[in-house]
Amino acid sequence: MARRLSLARQVFVLQLAVIVLLVGAGGVLAYLDARRTSETSTERRVLTLALGLAELPDVRNALSLDDPSVALQPLAESVRRATRADFIVFMAPDRTRYSHPTPEMVGEKFLGTIGPALAGEPLTETYAGTLGPSVRAVVPILDDRDEVVALVSIGILRGEIGRELRQRIPLLLGVSGAALVIAALGSLAISRRLSRQTLGLGPDEITRMYEQHDAVLHAVHEGLVIVDPDGRIVLVNDEAVRLLGLAPGSTDPGPLPASDVDDPLGSHLAGGRPVDDLLVVHRDRVLVVNTELAAKDGRTLGTVTTLRDHTDLEALTGELDSARGFAEALRAQAHESANRLHTVVTMIELGHPERAIEFATEELATTQQLADRVVGTVEEPALAALLLAKAAQAHEKGVEFVITPDSRVGEVGIPTRDLVTLVGNLVDNAIDAALAGEPPRRVRLTATSSDEGLRLVVADSGAGIDPDHLDDAFSRGWSTKLSDQPHGRGLGLALVRQIINRHGGTVRVESDGGAVFTVDLPAVLSGPTRGAER
């Protein structure tokens, strides 16, 4: 099947047809105007000559002779040759000719209109006489009493006028041809530029491609953001609008500056740097960002960024990490319990039952004391289990985990998942910071709730936070610890900031012999309670 003409070629053909039509119509109009102008000019010319001859004294003197043609015929012919007129006819009021280019016609009747001239008014007309169609003027010749004594008619044949006009046709055609060529070249230049911009596609192909691309943009489950080289968002699909929190139709009036998107994602979009699977916390979402440069023929067109929502996955990953830590803590406790049991059995075999009872009771009291304090302090079972797991995890790593005696957490209406993620990340960050510091290594947690909300204070014995980095503590990628994980470094505190913002809370970071994080969350007593999902 033959390929249809591209849009650029269709436009070129249409423009060329319009140009030919306009130039052709303009040429015809110019020819008609030139012919009309030529006839008007001829009328003025013959009228002027006739008026001049009617005033000559020689003409009036000749009319007083018995045979005026004797003097008027030579005069008429000399003037006719000098002025290049086709005929000059002097006549009596009864149409009798006194002169004519053909001498045999002298004495015969003049053919044409003379009524207005006999009334004393000059006239011009186009009339077919003995020599053929001509443009002529008829003027009265008056005596001293202003009475018409004769008439004079001067004419130029239409064929002569047409001959002069035909001599102008080559110039007219040349101008029209030049205009046509110039217009065609301009149209060709426009067509080539349009062809480059439309990639040589036809209207049907462009329409089909637009419909397909529009369907893809609305169908894909990933957010798609296209940013031009100037850092402006020129295209977003529905999913990207949802993930970025943009108003529908944000890019309809024109490109949207990428800087209008909240940081850190806005800075990344405006920067135009390629990245693979970058985790970014944007408002209340955790997004996986991939950015690639778009280029054609060595020219950078901008960047294409895809966004995937990993909010729920990251929350589940955090819960899984907590469960894994709890399992590891239980495994460590089981290992320690086995060691203690072997120690007790061996002491009994060695004949020291009193010492064995004292050792077992002491270890049991310590463990039970911690469990009783946590259970008595925290009403939320999941949070209590988390704290026990973190205590065991800290003990295994050589960090003392202390829950202050004034801690007490009741029902505050914060979803369990958010509460576990918040406390777990703060404690994990504190444990890692304490491990990086000098002994003794300690993490202190104070958790209190009231009618106003929940307050968490987590302090560690680490090196603290550089005052210059206090504002960066909750940014994606910032961390107080070293990590070999390619994508997870610094995400914990960013998730903490996300949860705090979602619940309208505040956080304060201080450095007092270590880092101190103070979090205040308002109570939501009517909101989701234990085990609620977001």
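Start by selecting Glu 77: at 10% relative accessibility, Glu 77 counts as buried, because buried means under 20% relative accessible area. Keep in mind as you look around that this is a predicted model.

**Stop 1: around Glu 77**

Now colour the helix that holds Glu 77, which is helix H3. Show the side chains of Glu 77 and Arg 80, and you will find a polar contact of 2.8 Å joining them. Which residues does Glu 77 touch once its neighbours within four places in sequence are left aside? Select His 100 and Pro 101, since Glu 77 is in contact with both.

**Stop 2: the whole of H3**

Widen your selection to residues 69–83, the 15 residues of helix H3. How far apart are its end C-alpha atoms? They are 20 Å apart, which agrees with the 21 Å that the helix should span at 1.5 Å a residue.

Next, pick out the buried residues of H3: Ser 69, Leu 72, Gln 73, Ala 76, Glu 77, Val 79, Arg 80 and Thr 83. As you look at them, remember that an α-helix has 3.6 residues a turn, so residues three or four places apart point the same way. Then step just past the helix to Arg 84, which follows H3 and has a positive phi, near 60°.

**Stop 3: a loop residue**

Move on to Thr 96, in the loop between strand E1 (87–91) and helix H4 (115–118). Show side chains here and look for two partners. The side chain of Asp 94 is joined to that of Thr 96 by a polar contact of 3.0 Å, and the side chain of Lys 109 makes a polar contact with the side chain of Thr 96 at 3.5 Å. Beyond its neighbours within four places in sequence, Thr 96 is in contact with Phe 90, Met 91, Gly 107, Glu 108 and Lys 109.

**Stop 4: a patch on the surface**

Select Val 18, in helix H1 (residues 7–54). Is Val 18 buried, partly exposed or exposed? Its relative accessibility is 38%, so Val 18 counts as partly exposed. Add Leu 14 and Leu 22 to your selection: with Val 18, they form a nonpolar patch on the surface, and together the three have about 300 Å² of accessible area.

**Last stop: zoom out**

Show the whole protein chain, with its 13 helices and 15 strands. The chain has 534 residues, and 38% of them count as buried. Switch on a surface view: about 29500 Å² is exposed, and carbon and sulfur atoms supply 56% of that area. Finally, among contacts between residues at least 6 apart in sequence, 57% join residues at least 24 apart.

Key
Residues numbered from 1 in each chain as written. Predicted model: local features only at pLDDT ≥ 70, side-chain atom pairs only at ≥ 80, totals over all residues. Heavy atoms only, no water. Patch = residues over 30% accessible without salt bridge, like charges linked within 9 Å, V, L, I, M, F, W, Y side chains within 5 Å. Areas by Shrake-Rupley, 256 points an atom, 1.4 Å probe, with all protein chains shown as cover. Salt bridge = Lys/Arg side-chain N within 4 Å of Asp/Glu carboxyl O. Helix = DSSP H or I, 4+ residues; strand = E, 2+ residues; numbered from the N terminus. Buried < 20%, exposed > 50% of the residue type's maximum accessible area, 1.4 Å probe, protein only. Contact = heavy atoms within 4.5 Å. Expected span 1.5 Å × (residues − 1). Polar contact = N/O pair within 3.5 Å; in protein donor to acceptor, adjacent residues only side chain to side chain.
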